[in-house]
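Dear colleague,

Please find below the structure that I am handing over to you. A summary of what was found in it follows, for your consideration.

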Amino acid sequence: MKKILLLSLAIIAVVINYNCQKSAVSPDPSNVKLYLPDQPYEYSKVNTTIGKLNNYYEDMTVIDNDKATLGRVLFYDKALSLNNSVACASCHNQKNAFSDVVAFSKGFEEKSTVRNSMGISNLIDEVSIGYFWDARETKIETMVFAPIANHIEMGFDRLDLITEKISKLPYYAELFQKAYGTADITEDRMRNSMGQFLFSLVSQNSKFDEGLYKGFSNFTPAEIRGKQLFTENNCGSCHQISSGFSSSYGSTKFANIGLDLVDNDPGINGLYKIPRLKNIALTAPYMHDGRFKTLDEVLEHYSHDIENNSKLSFQLKDNSNGGPKRLEFTPEQKADLIAFLNTMTDKDLITNPKYASPFIK
Ligand code: HEC
Ligand code: HEC
C-alpha cells in the first residue's frame with residue numbers, strides 16, 4: 001500500500017513537472033541589465049563608407065530609431081523562448097553575419113531544427129520573394145513570430161502568453177513608451193519593432209559594394225578573375241550580382257542545384273529559395289541542410305557532383321544531352337572564385353554595436 005502511494009506520488013510529481021515545462025517559465029529580471037545609449041543608435045540611415053547607396057536604401061526612412069532599438073532588445077532576449085534558454089540571436093549570431101556555425105541549431109529544449117539557420121541581412125530586398133528556405137513567409141511582421149511559436153525553436157504555441165510574459169519584465173515599459181507613445185505591450189507592436197530591427201540589418205559595406213562604385217578597381221587580380229568565372233558560369237543568373245545585392249533579384253527566385261536529396265525536405269516542390277551570398281564566408285555550413293562545411297565543398301558540388309533529377313534547374317543542365325552540366329573547376333579557378341566570394345564580407349555588419357547584444361557591455 002505504502003509502495004503504491006509512493007509510486008502515485010512519483011507519477012504526480014513527474015506529471016506536474018512535465019506540465020510546468022510546457023507553460024512559460026517566468027523570467028527572472030533581477031540579474032538582467034540593459035546597456036543602451038542615451039540617444040538611440042541611428043537605424044534610419046544606413047551606415048556606409050562608400051558614399052553612395054543603392055536607391056532602394058536611400059529612402060529607408062520608414063525605420064524608426066526607437067522602434068528598431070526595442071526590436072533589438074527583443075531579438076536578444078531569451079525571455080522570448082518558453083524556458084528562457086534561447087533568443088533569436090542564439091541561432092542568428094552577429095559575428096556569423098546572423099547565422100550560426102552548425103548544420104542544425106538547438107532550440108529551447110535542445111531539439112534540433114530541421115534546416116540550417118540563415119544569415120540575416122538586406123531582408124528588404126526579399127519582400128517580393130519571401131523568407132525561409134521555402135519562402136513560405138512573405139510578410140516580415142508575420143515572419144518574426146514564426147520562430148517564437150515554433151515547437152522546436154522557441155516553443156510558444158500560445159502566442160498570447162508571450163505579451164503576458166514580456167509585460168512582467170521591468171525594462172520593456174519604457175522601451176514601448178519611447179517607440180509607440182504609450183507603454184502598452186501588444187503583439188502588433190512586438191511584430192512591428194522586430195521587423196524594423198531586422199530590416200535595419202543592412203549590409204552595404206563589403207569590398208564588393210565598394211567595387212560596384214569604383215568599377216572594381218579595388219579588386220585584386222584573383223578577385224577579378226573570380227568575378228569573371230562567377231558570371232561566365234551562370235552563377236550570377238541565379239545569385240544576381242548586377243543589382244549589387246548578390247541575392248536573388250531577377251526572375252529566378254527558386255532553384256534546384258542537383259543535390260542528392262537524401263533528406264525528406266521537399267522545399268518548394270523540389271526547389272529552394274536562392275540564398276543571398278552576402279557575407280557568405282561567415283555563414284558556413286552551407287545549403288538548406290548545412291551539408292557542406294566550406295566554400296571549397298560547395299564549389300566541389302558545382303564542379304563534379306550535380307545530380308540529375310526532374311527538378312534540376314536549366315542553368316545547370318547540359319543543352320547537348322539534357323544531363324547535368326558539371327562545371328569542372330580547376331583548383332586555381334576555385335581559389336579565384338573563393339577570393340571573389342570573400343569580397344562579400346561586410347565587417348561593419350558584424351561589428352557595429354547598434355546590431356550587438358544590448359545585454360552585454
Ligand atoms: C533554434 C534556432 C533558431 C531560433 C531560436 C531562431 N531562428 Fe531564425 N532561423 C532558423 C532556421 C533553422 C531558419 C531556416 C528555417 C526554414 O527555412 O524553415 C531560420 C530563418 C530565419 C529567417 C529567414 C531569413 C531568410 O533569408 O529568409 C529570419 C529572418 C529569421 N530566421 C529570424 C529569426 C527571428 C527574428 C528569431 C526570433 C524571434 C529567430 N529567427 C529565431 C533558426 C532559428
Ligand atoms: C540554378 C540556380 C543556381 C545556380 C546557377 C547557382 N546557384 Fe548557388 N545556390 C542556388 C540554390 C537554390 C542554393 C541553395 C540550395 C539548397 O540549399 O538546396 C544555392 C546555394 C549556394 C551556396 C550556399 C549558400 C548558403 O547560404 O548556404 C553558394 C556559396 C553558392 N550557391 C554559390 C554558387 C556559385 C559559386 C555558383 C556558380 C558556380 C552557383 N552558386 C550557381 C542556386 C544556384
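Which arrangement do the six donor atoms around the iron atom of ligand 2 form, and why? The angles that these donors subtend run from 87 to 180°, which makes the arrangement octahedral. Please bear in mind throughout that this is a predicted model.

Two of the donors to the iron atom of ligand 2 come from the protein: His239 through NE2 and Tyr302 through OH, at 2.0 to 2.1 Å from the metal. These two residues bring together distant parts of the chain, as they stand 63 residues apart. His239 belongs to the loop between helix H12 (235-238) and strand S1 (254-255), while Tyr302 is part of helix H13 (residues 295-305). His239 counts as buried because its relative accessibility is 12%, under the 20% cut-off. Tyr302 counts as buried as well, because its relative accessibility is 16%.

The iron atom of ligand 1 has a single protein donor, namely NE2 of His92, at 2.1 Å. His92 lies in the loop between H4 and H5.

I turn next to helix H9, which covers residues 187-200. Its 14 residues span 20 Å from the first C-alpha to the last, close to the 20 Å expected at 1.5 Å a residue. H9 is mostly covered, with 11 of its 14 residues buried. Among them are Arg189, Arg191, Gln196, Phe197 and Leu198. The buried residues of H9 pack against several other helices, including H3 (65-76), H7 (160-167) and H8 (172-180). H4 (88-91), H5 (140-143) and H6 (146-149) are also among these packing partners.

How many residues does the largest nonpolar core contain? This core has 47 residues, and those with the most contacts inside it are Phe75, Ile166, Tyr172 and Leu198. At least two residues of the core are supplied by each of H3, H4, H5, H7, H8, H9 and helix H15 (347-351). H3 provides the largest share, six residues.

Leu198 illustrates the packing. Leaving aside residues up to four places away in sequence, Leu198 touches Phe75, Ile120, Leu123, Ile140, Met143 and Val144. There is also a second, separate core of 27 residues, which includes Met287, Val298, Leu312 and Ile338.

Yours sincerely

Conventions. Residues numbered from 1 in each chain as written. Chains lettered and ligands numbered in written order. Predicted model: local features only at pLDDT ≥ 70, side-chain atom pairs only at ≥ 80, totals over all residues. Heavy atoms only, no water. Donors = N, O, S within 2.8 Å, 3.2 Å for Na, K, Ca; no water. Tetrahedral: all angles 85-135°; square planar, octahedral: opposite > 155°, others 65-115°. Helix = DSSP H or I, 4+ residues; strand = E, 2+ residues; numbered from the N terminus. Buried < 20%, exposed > 50% of the residue type's maximum accessible area, 1.4 Å probe, protein only. Expected span 1.5 Å × (residues − 1). Contact = heavy atoms within 4.5 Å. Core = buried A, V, L, I, M, F, W, Y, C linked by side-chain atoms within 4.5 Å.
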